[in-house]
Amino acid sequence: MPSRHAPTPPSLSPDANRRRLNLALGLSAGGPLWLGSLAAQAAALPPLPRYTQPVEAHSPLVGRILQSGQQFIAPQQLVSDCGRAALCMLGEQHDHPDHHAVQAWIITALAQRGDLAAVALEMADAGQRFDGPRDAPEAVVRGRLHWNEDGWPWKLYAAPVMAAVRAGVPVVGVNLPQAAMRPAMQQARWDASVPPAVRQRILDDVAESHCGLLPASQLPAMARIQFARDDCMAAHSLALARPGKTVVLLTGSFHANRTLGIALHLAAHAAQTPPGVAQPLAVFSLLLQGLAPDVQAELPAGYDAVWFTPGTPPIDHCAELRRMMQGEKPSGQPKP
């Protein structure tokens, strides 16, 4: 699997999501939740992000947030739910500008409520962090985080990262450092770090995300990197927890899946929980879902809520991967 990008779960990939749009649910279940007692809360929130992507941009699902129980909620309720968790994971499509705009909005909203402890990043290695000042220029922030522009184009992440900087909270890398990835491939202990069914699911996803181009013999080693990365992000995010505050983690949708990713590794690091933070750690996972023409209005398993945005134009990632494996220069477009 590409070392810097989480694989797209089969259930969330554009090709696998060609299902009929359930307008009955999308239009009837929402209700006037933006009204009433929530109106005063909404007035205190920053303006909602403006979407820029073209696919299904006029769908009635754009901007809607669906929670468990198939109930639509208002953005202010989503902020409250996220703010009640010690760790709030925002599962993104890495190359989706609207997802990063939503992340910036959530970070700003939590900061305005006084709920934000820190922002953790899959996009920076563990050990890299920025602790201020609030008015630091972007170049200084990138330098402190040792930002990898090739893997994570800054133009996509500037909005959420700088929202955290301006809020005056730590911005901290939590990903497995590149130097630790090759050793992880050789460590069989990672095979037992998740339930057998999860391991098989990830093996299958590694194969699919590499378009069937990897030899079967390489799949276990690549899966071990995935487990090691999730474990590293769990440990370092947990270390940022503060009583009564929320750590926001920006990560790929697969890592944010509570049944497959980072959440499975939190218990192994419970002893490192800072004083005053309750165990088991309260976790909230939001899926940021770009729409495809036939996507259903449903909450995928493993998430507490899904925020629908327009989708990005389709990209043939398999063709891109073939070029990379053949030694051709890639286009620079990250894989979601």
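Which residue, just after helix 8, takes a positive phi? It is Cys211, whose phi is about 60°, and I will use that spot as a way into the structure, because what we have on the screen is a predicted model and I would like to go through it with some care, one part at a time.

Let me start with the overall picture and with how far the prediction can be trusted. The chain contains 11 helices and 9 strands, and 55% of its 336 residues count as buried. If we take the contacts between residues at least 6 apart in sequence, 79% of them join residues at least 24 apart. The mean pLDDT of the chain is 87, and 84% of the residues reach 70 or more, but two stretches need a warning. Over residues 1-38 the pLDDT stays under 50, although the model has 106 contacts there beyond four places in sequence, and over residues 329-336 the pLDDT is also below 50, with 22 contacts in the model beyond near neighbours in sequence. Where pLDDT is low, the predicted coordinates should not be read in detail.

Now back to helix 8, which runs over residues 196-209. Its 14 residues, at 1.5 Å a residue, should span 20 Å, and the end C-alpha atoms are 20 Å apart, which agrees with that expectation. Which residues of helix 8 are buried? They are Val198, Ile202, Leu203, Asp205, Val206 and Ser209, and because these residues cover an arc of only 165° around the axis, they lie on the same side of helix 8. On the other side of helix 8 we find Pro196 and Ala197, which are exposed. As for what the buried side faces, its residues pack against helix 9 (219-238), helix 10 (253-256) and helix 11 (317-325).

From there I move to the interior. In soluble globular proteins, nonpolar side chains tend to be buried together. In this model the largest nonpolar core has 45 residues, and the ones with the most contacts inside it are Ile106, Leu121 and Val161. Helix 6, residues 154-167, gives the largest share of this core, namely 9 residues. To see what such a position looks like, take Leu121: leaving aside neighbours within four places in sequence, Leu121 is in contact with residues including Leu145, Trp147, Val161, Val171 and Leu250. Apart from this core lies another one, of 33 residues, among them Leu66, Ala86, Ala120 and Val277.

The next topic is charge. Side chains of opposite charge can pair when their charged atoms come close. How many salt bridges does a search of the whole structure find? It finds 8, and I will go through several of them.

In one of them, the side chains of Arg229 and Glu122 meet at 2.7 Å, N to O. Arg229 lies in helix 9 and Glu122 in strand 4 (residues 116-125), so this pair ties together parts that are 107 residues apart in sequence. Are these two residues buried or exposed? Arg229 has a relative accessible area of 0% and is therefore buried, and Glu122, also at 0%, counts as buried too.

A second pair is Arg258 with Asp304, where the closest N and O atoms are 3.3 Å apart. Arg258 sits in the loop between helix 10 and strand 8 (283-290), while Asp304 sits in the loop between strand 8 and strand 9 (305-309), so here the parts tied together are 46 residues apart in sequence. Both count as partly exposed, Arg258 at 32% and Asp304 at 22%. The loop between helix 10 and strand 8 also holds Asn257, which at 5% relative accessibility counts as buried, and which touches Ala301, Gly302 and Tyr303 once residues up to four places away are set aside.

The third pair is Arg323 and Glu320, whose side chains meet at 2.4 Å, N to O. Both lie in helix 11, 3 residues apart, about one turn of the helix, and yet Arg323, at 30%, counts as partly exposed, whereas Glu320, at 8%, counts as buried.

Finally, Asp191, Arg199 and Arg224 are linked in a network of salt bridges, and Arg199 brings us back to helix 8, since that helix covers residues 196-209.

Note on methods
Residues are numbered from 1 along each chain as its sequence is written. This is a predicted model: local features need pLDDT of at least 70, side-chain atom pairs count only at pLDDT 80 or more; totals for chains, interfaces and linings use all residues. Side-chain values use heavy atoms; hydrogens and water are left out. Helices (H or I, at least four residues) and strands (E, at least two) are DSSP runs, numbered from the N terminus. The expected span of a helix is 1.5 Å times one less than its number of residues. Buried means under 20% relative accessible area, exposed over 50%, partly exposed in between (1.4 Å probe, protein chains only). The arc is that of the directions from the helix axis to the C-beta atoms. Contact means heavy atoms within 4.5 Å. A nonpolar core is a set of buried Ala, Val, Leu, Ile, Met, Phe, Trp, Tyr and Cys residues joined through side-chain atoms within 4.5 Å. A salt bridge is a side-chain nitrogen of Lys or Arg within 4 Å of a carboxyl oxygen of Asp or Glu. pLDDT is the predictor's confidence in each residue, from 0 to 100.
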